[in-house]
Amino acid sequence: MRIDIVSIFPEYLAPLELSLVGKARTSGLLDVHVHDLRDSTTDRHHTVDDTPFGGGAGMVMRPDVWGVALDGLLGEASHLLIPTPSGTTFTQRTAEALATQEHLVIACGRYEGIDARVAEHYRERGIRVSEVSIGDYVLNGGEVAALVLVEAVARLLPGVVGNPQSLVEESHGLAGLLEYPVYTKPPSWAGLEAPDVLLSGHHGRVERWRRDQALTRTAELRPDLIAALDVAMLDRADLAR
Ligand SMILES: Nc1c(O)cccc1[N+](=O)[O-]
């Protein structure tokens, strides 16, 4: 998979050289390129924004500058992602779908956002365009969201995560449940004991306890996920036993 990220703060994406994503890039499992939007400007001030039509506070990112940047990156196999608070919610299911794609291009907006004609223009040209939100809060730009998108997608690529089984058991994994609580040594700490069942060596009881914990935690903390549970997934996740 190739991922191109366009930003006026390319240095913000430096963390993608570290850890799991960094290793995936070094090993060739993932090809990530970060581009400075200002390289697509033609004026000596490298202007990327202007005042909003219709008035209002802040500045809007110019479509002509984004057009130059994106024309040089997008192709038939590309999927343009635009992180925005007004996008559809990015979930694990979104990450799974994106992980099957050949080429992602992430356009990181700043200020009040990117001129709406950019998304419209590329949709009209037959490019897949998704405006995605990582949450209902206000950020200063799309770069933080780009880091989230890339990590969530990259770790699903074959060979990136050491133990693929861990992807199944994680929160929001196959069954759409929250993960069960985890414990390790020492068995007793600060007057608190790790659950006896986990030290029993009885795999069947451990598995049942973990399933129950996942269901209980999900019902308590994220009842919305319970409503969305797909019984078929429950079966696949072997939670129905
Ligand atoms: N929430 C937000 C924002 O405020 C600015 C850019 C992107 C996002 N987002 O992806 O959620």
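Here is a short walk through the structure, from overall confidence to the details of one sheet.

Let's start with how far the coordinates can be trusted, since this is a predicted model. The protein chain has an average pLDDT of 93, and 93% of its residues reach at least 70. For the model as a whole, the scores are ipTM 0.98 and pTM 0.91. Confidence does vary along the protein chain: strand β6, residues 103-107, has the highest mean at 99, while helix α9, residues 231-236, has the lowest at 53. You may want to keep that contrast in view as you look around.

Next, zoom out to the domains. Domain 1 covers 2-154 and domain 2 covers 171-239. Taken over C-alpha atoms, their centres lie 36 Å apart.

Now turn to the sheet. Five strands, paired in parallel, make up an open sheet, and reading across it you meet β2-β1-β6-β5-β7. At its edges sit β2 (31-36) and β7 (128-133), each of which pairs on one side only. From one strand to its neighbour, the average turn is 25°, with direction ignored.

Inside that sheet, you can follow the pairing of β5 (residues 78-89) with β6: the two run parallel and are joined by four bridges. For a landmark, find H79, which stands opposite L104 in β6.

Finally, what packs on the sheet and touches β1, β5 and β6? That is helix α2, residues 63-71, and its direction makes about 160° with that of β1 (2-7). So β6 brings several threads of this tour together, as the strand with the highest mean confidence, a partner of β5 and a contact of helix α2.

Note on methods: Residues are numbered from 1 along each chain as its sequence is written. This is a predicted model: local features need pLDDT of at least 70, side-chain atom pairs count only at pLDDT 80 or more; totals for chains, interfaces and linings use all residues. Side-chain values use heavy atoms; hydrogens and water are left out. pLDDT is the predictor's confidence in each residue, from 0 to 100. Domain bounds come from an automatic or database domain assignment. Two strands pair if DSSP finds at least two bridges between them. Axes are lines fitted to C-alpha atoms, for helices over the stretch in contact, and angles run from 0 to 180 degrees between N-to-C directions. Contact means heavy atoms within 4.5 Å.
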